[in-house]
Amino acid sequence: MASTAGVAAVATFFVLNSDYNPFVSPMTRACEAVLKKRLLAPAGYKRVETSESSEPIPLEDYLKDRGAATESDRILWTRMYSDDSGRKNPPTKFTLFITYDAPNAYGTPVRGLSMCEYRSLSASKSGAAWYSVIVDNFTQTGWLREQILKGNVQQ
C-alpha cells in the first residue's frame, strides 16, 4: 500500500512539474509543439482557448492526399476508402483552432490564432504527431523550407 502511494506521489510530482497534461489530446500537444517552434519566445507561450471540429474527408480529397495518379491507384484507394467508410470509421479531417498569448520581438504579449489540421485514415486523432499536423497551412518541414527560402533562418 505504501509503495503504491509512493509511486502515485512521484508520478504526480513529475506531471505537475512538466508540460505534460494527461487531459490534453495528442492533437493539441502536437499542434502546440509545432506552434512553439515557430515563436520568437516559446517559453512565453500561454494557451488561452482551443476549439475543435471534425468532418469526414470527401473521396476526391482522400484520393488527392494519397497521390492516386493512375486508374489502378484510384480503384485501390477508392476501395479502401469505401471499406473504412462502411465500418463507421471514415477518414476524417480534424481542425483545431488555438488562441494563445506569446511575446513579440519586443517582449510584449500579443494574442495570436493558429489553425491546425490533422487528416486521419480513421475517425481517431490519436495518431497526431508534430510531423503529421499542418499548422497555419504548413507542415513543420514545409514551414522550415519556406523560412530557408525567405532567408529567415534563426541560429
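# Exercises on strand β3 and its partners

Thr 99 has Leu 113 as its bridge partner in β3. We're working with a predicted model, where local features need pLDDT of at least 70, side-chain atom pairs count only at pLDDT 80 or more, and totals for chains, interfaces and linings use all residues. Residues are numbered from 1 along each chain as its sequence is written, and side-chain values use heavy atoms, with hydrogens and water left out.

**Exercise 1.** Work out how β3 pairs with β2 and with β4.

*Solution.*
- Step 1: get the terms straight. Strands are DSSP runs of E with at least two residues, helices are runs of H or I with at least four, and both are numbered from the N terminus. Two strands pair if DSSP finds at least two bridges between them.
- Step 2: take β2. Twelve bridges join β2 and β3, and the sense is antiparallel.
- Step 3: look at the turn. The β2–β3 hairpin has five residues between its strands, and Gly 107 there has a positive phi near 85°.
- Step 4: take β4 (residues 134–135). This strand also runs antiparallel to β3, with two bridges. Cys 116 has Val 135 as its bridge partner in β4.

**Exercise 2.** Find where Cys 116 sits in the largest nonpolar core.

*Solution.*
- Step 1: define the core. It's a set of buried Ala, Val, Leu, Ile, Met, Phe, Trp, Tyr and Cys residues joined through side-chain atoms within 4.5 Å. Buried means under 20% relative accessible area, exposed over 50%, and partly exposed in between (1.4 Å probe, protein chains only).
- Step 2: pick out the hubs. The core has 17 residues, and Cys 116 is among those touching the most other members, along with Met 27, Cys 31, Ile 98, Tyr 100 and Val 133. Elements giving two or more residues are α2 (26–38), β2 (92–103) and β3 (109–120).
- Step 3: list some contacts (heavy atoms within 4.5 Å). Leaving aside residues up to four places away in sequence, Cys 116 touches residues including Met 27, Phe 94 and Ile 134.

**Exercise 3.** Compare the salt bridges made by Arg 119 and Arg 111.

*Solution.*
- Step 1: apply the cut-off. A salt bridge needs a side-chain nitrogen of Lys or Arg within 4 Å of a carboxyl oxygen of Asp or Glu. The structure has seven.
- Step 2: take Arg 119. Its side chain meets Asp 65 at 2.9 Å, N to O. Arg 119 is in β3 and Asp 65 in helix α3 (residues 59–66), 54 residues apart.
- Step 3: take Arg 111. Its closest N and O atoms with Asp 101 are 2.8 Å apart. Arg 111 lies in β3 and Asp 101 in β2, so this pair ties together parts ten residues apart in sequence.
- Step 4: check exposure. Arg 111 is exposed at 53%, while Asp 101 is partly exposed at 22%.
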